[in-house]
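Here are my notes on the model you sent. Please read them with the structure open.

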Amino acid sequence: MLARAISVFDLYTIGIGPSSSHTVGPMRAGRLFAQAALETAEERRTAPVSVRCRLFGSLALTGHGHATDTAVILGLAGWAPDGIDPDRVPALLGAIAESGMLMLGDRAPVPFAQGRDLVFDRDTFHPGHPNTLLFGCVFADGSTLERVFHSIGGGVVLEAGVPPVAANVRQPFPFTSGAELLEQASGSGLGIAGIVAANETVWRSEAETDAFLDAVASAMSGCIDRGCVASGILPGGLGVRRRAGVIKAALEATERAPGPQDVFEWVSLWALAVNEENAAGGRVVTAPTNGAAGVLPAVLRYYQRFTPGADDAGARRFLLTAAAIGFLYKKRASISAAEMGCQGEVGVACSMAAAALCAVLGGTDAQIENAAEIGMEHNLGLTCDPIGGLVQVPCIERNTMGAVKAINAAYLALRGDGQHIVSLDAVIETMRQTGDDMRSKYKETSLGGLAVTCSLPVNLAVNHVEC
């Protein structure tokens with residue numbers, strides 16, 4: 001379990017698609033290694049002459065479809081996920097490929113050939129984590145440097161053998177379980193969103209946190225809007241056509257007053273738009289991951305569009321409440337599909353969004369905890385089996401399911417009094433155990449499930465499968 005204090009700045013990060021664990025994390029790892037290599041070169045009074053990276057486990061098996069190779073190269077070149085313009089990526093990669101040189105950390109030129117210096121080790125699962133990268137650098141004096149990084153989900157990377165840096169802070173309302181969360185919220189009188197906001201003050205002012213949350217909400221909204229006007233075929237070779245623009249036009253052409261079916265379709269559209277943007281390598285917010293990036297924005301837009309009195313303060317309360325739930329999953333289980341399957345991504349996002357919507361619709365803390373529990377309980381066992389290793393099928397539509405399910409969970413909880421049989425802590429522990437028991441082929445390896453079924457011959461003896 002992760003015991004250190006977590007900030008909303010850790011949970012929500014603005015980066016690029018298509019994956020937080022397979023794109024954002026590896027880019028950060030590459031950048032960290034480049035910095036370490038340059039520092040080592042300076043200490044040894046030598047120069048780097050070659051750099052390499054070996055990918056293991058899920059990163060190797062689905063890395064091509066998740067743009068892990070692209071991410072590693074950009075990270076080694078000094079780029080950060082939140083600082084790179086997605087539109088510049090093809091030109092940057094093209095320049096490296098054409099010249100055969102990579103500017104390590106944007107400072108030191110080293111020869112680089114992707115086929116030689118970036119290895120996908122599909123036969124090895126590193127004991128440290130399913131998402132592991134081994135970097136190596138050779139210097140002019142013959143000395144070497146090696147570092148191992150684990151991409152543990154949500155864009156977070158840890159260096160093997162180096163314990164996570166413990167934040168030298170004492171939060172006023174610490175919690176590591178749902179029970180503690182409810183106790184702190186009740187005892188303080190601040191409610192769930194309030195104690196998260198108060199905890200953030202150990203790092204920065206309330207105004208700075210509000211500005212960050214506003215930026216996150218704006219980035220989520222912008223991603224929806226971009227996805228709703230884009231068209232064409234998503235990259236990767238599956239031939240998946242972007243549908244959000246067509247659906248939006250059809251919904252806008254409806255002259256009748258919005259009915260229940262229209263609300264349902266709008267929510268699905270917003271989630272679809274975000275994850276099509278993600279699949280195209282566009283700018284998205286990890287919430288809590290890229291593969292599940294469409295759930296929270298869609299439910300937040302639902303609150304903003306269909307709730308009388310919705311405002312910026314409500315959006316901040318939405319994101320703070322969702323963060324409280326996300327912290328629990330990170331501390332008590334994992335948000336990595338390579339460890340938990342998709343229950344750890346879309347399932348967690350659904351749980352977070354359900355709690356958040358319940359909060360802004362006036363739910364009590366007990367109802368909020370109930371909504372979060374419902375959101376996960378009905379995602380338990382959800383596998384991660386992307387076809388072709390791409391974050392497209394079933395990932396894009398799965399976000400629409402998660403968003404609608406989150407809204408359903410929130411209203412179910414609001415109709416109750418907060419009392420329920422299964423606690424949030426129990427469902428998180430169940431998710432963790434289920435993830436541990438789940439066979440690795442169903443955990444972001446593309447070795448099982450739809451990823452395999454849809455590569456079989458069309459005319460099967462059973463059920464005539466077509467993909």
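The points below cover one buried alanine, the nonpolar cores and two helices.

1. **Status of the model.** This is a predicted model. Please read each point below with that in mind.

2. **Ala-322.** This residue lies in helix α13, which covers residues 312-332. Is Ala-322 buried or exposed? Its relative accessibility is 0%, so Ala-322 counts as buried. The cut-off for buried is under 20%.

3. **What Ala-322 touches.** Neighbours within four places in sequence are left aside here. Ala-322 is then in contact with Tyr-12, Leu-296, Met-352 and Ala-356. Cys-350 is 28 residues away from Ala-322 along the chain, and their C-alpha atoms are separated by 9.6 Å.

4. **The largest nonpolar core.** This core has 94 residues. Which of them touch the most other members? They are Tyr-12, Leu-296, Phe-318, Tyr-329 and Leu-357. Helix α15 (residues 346-360) gives the most to this core, with 13 residues.

5. **Tyr-12.** Residues up to four places away in sequence are again not counted. Tyr-12 touches Ala-322, Ala-323 and Leu-319, among others. Its contacts also include Phe-212, Val-216, Val-285, Thr-286, Ala-287, Leu-296 and Met-352.

6. **A second core.** A separate core holds 31 residues. Among them are Cys-53, Ile-73, Phe-112 and Cys-137. As background, nonpolar side chains tend to be buried together in soluble globular proteins.

7. **Helix α7, two sides.** This helix spans residues 178-188, and Gly-178, Leu-181 and Ala-185 are buried in it. They cover an arc of only 55° around the axis, which puts them on the same side of α7. On the other side, Glu-183, Ser-186 and Gly-187 are exposed.

8. **Helix α7, packing and end.** The buried residues of α7 pack against four helices: α8 (191-200), α13, α16 (365-377) and α18 (424-437). Just after α7 comes Gly-189, with a positive phi of about 75°.

9. **Helix α16, length.** From first C-alpha to last, α16 reaches 18 Å with its 13 residues. That is close to the 18 Å expected at 1.5 Å a residue.

10. **Helix α16, burial.** Why is α16 described as largely enclosed by the rest of the structure? Of its 13 residues, 10 are buried, so the description follows. The buried residues include Gln-367, Glu-369, Asn-370 and Glu-373. Ile-368, Ala-371, Ala-372, Ile-374, Gly-375 and Met-376 are also buried. Their cover includes α7, α8, α13, α15, α17 (395-414) and α18.

Conventions:
Residues are numbered from 1 along each chain as its sequence is written. This is a predicted model: local features need pLDDT of at least 70, side-chain atom pairs count only at pLDDT 80 or more; totals for chains, interfaces and linings use all residues. Side-chain values use heavy atoms; hydrogens and water are left out. Helices (H or I, at least four residues) and strands (E, at least two) are DSSP runs, numbered from the N terminus. Buried means under 20% relative accessible area, exposed over 50%, partly exposed in between (1.4 Å probe, protein chains only). Contact means heavy atoms within 4.5 Å. A nonpolar core is a set of buried Ala, Val, Leu, Ile, Met, Phe, Trp, Tyr and Cys residues joined through side-chain atoms within 4.5 Å. The arc is that of the directions from the helix axis to the C-beta atoms. The expected span of a helix is 1.5 Å times one less than its number of residues.
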